[in-house]
Amino acid sequence: MNKEKIFSHLALVTADWGILLKLLLIVLLLVFIAVAIYDRFVQRKNQLLINYPLIGRLRYLFYMLRNPMRQYFGDETYYDSFEKLDWINKVSEGKSPYLSFSPTKPYGNQKTLFKHANFVKEVHEVQSEFSVTFGSNREEPFVSKSIIGRSAMSDGSISPEGTRAFARGAYNGQFPINTGEGGLTSNFLATLNMCDCDNIYLDSKTGTWFAKGVYKIMRFFTNREVSQRLYRNMVVRQKDRGSFIFDRSELSYFRIDWNKPLDIFPKKVPHGLPDITFQMGSGLYGVRNEEGKFDAARYQKVMRFCRMTEVKLAQGAKQTGGKLLATKVSEDIAYYRGIPAHKDLISPNRFPYATDMETFFDFLSHLQTLSGKPVGFKIVISSQESFEVYAKALKERLDAGKSIPDFITIDGGDGGSATAPLEMMSKIGLPIRNALLIVSKSFEVHGLKEHIKIIASEKVLTPDDIVELLCYGADFINIARGFMISAGCIRARECSGANGRDCPVGLATMNEAKRSKFLVIEKSKHIAFYHHQLLHGVRSLLAVMGKNNIEELSMDDLSPRFKFR
């Protein structure tokens with residue numbers, strides 16, 4: 001059978017496409033003419049389009065593409081080099097991170113250089129396990145399994161699917177995860193199963209035999225996310241159905257019933273959860289009563305699932321309370337936070353129990369008593385003098401035998417935020433290295449170093465960033481941007497959801513159509529890979545610096561020529 005006979009049976013191949021193309025061109029021409037007439041003679045909101053009808057719209061097309069496409073057409077100046085971003089993408093996918101030739105940023109332009117040892121060590125000679133103990137004097141101290149944690153990112157700011165991926169990645173990678181000021185939600189507990197819980201404090205829903213049958217059929221023909229979403233709609237009928245956790249073995253949905261009495265909640269953190277740090281912001285989300293005041297009983301319930309508490313006074317790019325636009329305040333977020341749905345959520349600037357040093361530290365002490373676990377606070381430093389006020393107050397409490405915070409999180413002025421005022425993003429707060437020098441020196445002078453752990457965060461991406469901050473005095477490193485990139489962030493800068501624009505990968509949006517396609521399981525693996533390679537890179541640097549462990553690092557390990565004074 002020749003080609004002509006074969007093609008004769010294929011109508012689409014033998015059809016006359018010329019007529020169709022002509023029709024499409026005519027329709028397209030008519031549309032262009034209609035738009036041009038509208039721009040020139042009808043609309044009166046845009047002067048450019050009046051003067052340049054139709055063609056002026058190219059400006060807005062290119063402007064729309066500028067943010068999501070900028071990283072493909074030039075090096076990003078915000079980071080040290082494009083290679084750092086490329087390194088994250090490679091290691092999170094399990095690829096080799098090695099480079100050829102040289103990076104785009106010349107070696108001589110580096111701000112910091114490490115001193116290598118005369119006789120270096122092999123990687124296997126360096127400590128293999130990294131750990132930090134928080135609140136050694138507390139009833140339940142927290143011993144981390146890593147020196148790296150995922151920084152605060154709220155469920156709601158991050159999509160539910162994104163939060164579940166981070167929770168799974170943290171559990172598999174064995175590193176802590178911070179809830180962000182949005183509080184503890186069901187998505188942080190995504191690794192939990194009903195068998196790990198006592199049913200008396202759960203609100204559970206189980207489908208009928210028909211619903212389970214539909215789920216199994218859909219699971220066979222589609223994928224996990226699609227089948228689960230359909231099954232959830234059949235089993236859980238209430239508006240906040242997304243607040244339920246899915247148990248694949250039981251084919252049931254469940255969530256913590258926070259209205260149940262405290263005495264039936266678990267005494268210890270249930271098996272199967274990542275190490276969670278609960279962050280309390282100015283809105284007191286997740287631990288507030290109907291009047292918006294602090295609810296001690298609810299806080300105690302939450303802390304049965306968390307390892308320690310961080311009270312947020314400020315963060316790098318947002319010296320005000322958190323902001324969540326109405327597009328992100330879904331029924332689920334409203335349920336978690338105890339606020340109205342579908343309305344802009346603007347948190348107070350000031351933490352309600354931080355009117356002065358004594359009041360604030362007394363409140364932290366109260367939290368330590370309620371939870372029996374470590375409690376600390378997060379700030380941004382502006383000057384040596386401003387931090388001395390904190391240090392002196394802490395020293396006075398220590399000398400008086402009063403309780404002091406177990407850790408302090410220092411966020412650099414260049415810290416990130418999905419939604420923040422432009423005027424505060426680059427004008428308030430010291431860079432993290434300057435801030436760490438102030439805190440470390442002040443703690444040494446006042447004898448606080450051995451009592452309070454220092455957590456540092458700001459634009460940390462690769463192992464060298466971590467080692468550098470450890471040299472500056474940090475005990476533990478929090479990372480947000482790096483983990484976001486490992487989870488698929490393409491830095492399109494559409495995180496806020498403003499002006500009808502949403503995160504294109506579904507990581508930082510509540511848009512159902514986009515976030516429903518986020519690959520939770522796959523990205524959780526990438527997140528864990530990234531953390532693993534960070535630790536491996538830290539060990540590699542320690543080896544060539546001749547160090548056995550991170551406790552040996554200091555400012556003396558940085559090149560004197562670039563040392564801050």
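Two strands are taken to pair if DSSP finds at least two bridges between them. In this predicted model, strand β13 (residues 407-411) and strand β14 run parallel and are joined by five bridges. This briefing follows β14 outward to its partners and then to the nonpolar cores.

**Strand β14 and its partners**
- Strand β14 covers residues 453-457, and because four of its five residues are buried, the rest of the structure largely encloses it.
- Where β13 meets β14, Asp411 stands opposite Ser457.
- Strand β15 (residues 476-479) also pairs with β14 in the parallel sense, here over two bridges.
- In that pairing, Ala456 of β14 is placed opposite Ile477 of β15.

**The β-α-β unit**
- Helix α16 (residues 463-471) forms a right-handed β-α-β unit together with β14 and β15.
- Ile466 is in contact with Ile477 and Ile479, leaving aside its neighbours within four places in sequence.
- On the same basis, the other contacts of Ile466 are Ile147, Ile148, Val460, Leu534 and Val538.

**Nonpolar cores**
- In soluble globular proteins, nonpolar side chains tend to be buried together.
- The largest nonpolar core holds 112 residues, and Ile466 is among those with the most contacts inside it, along with Phe166, Leu184, Met280, Tyr299 and Phe387.
- Helix α19 (residues 520-544) gives the most to this core, contributing nine residues.
- A second core, separate from this one, has ten residues, including Leu324, Ile333, Tyr336 and Ala341.

Terms used:
Residues numbered from 1 in each chain as written. Predicted model: local features only at pLDDT ≥ 70, side-chain atom pairs only at ≥ 80, totals over all residues. Heavy atoms only, no water. Buried < 20%, exposed > 50% of the residue type's maximum accessible area, 1.4 Å probe, protein only. Right-handed = clockwise from strand over helix to strand, strands pointing away. Core = buried A, V, L, I, M, F, W, Y, C linked by side-chain atoms within 4.5 Å. Contact = heavy atoms within 4.5 Å.
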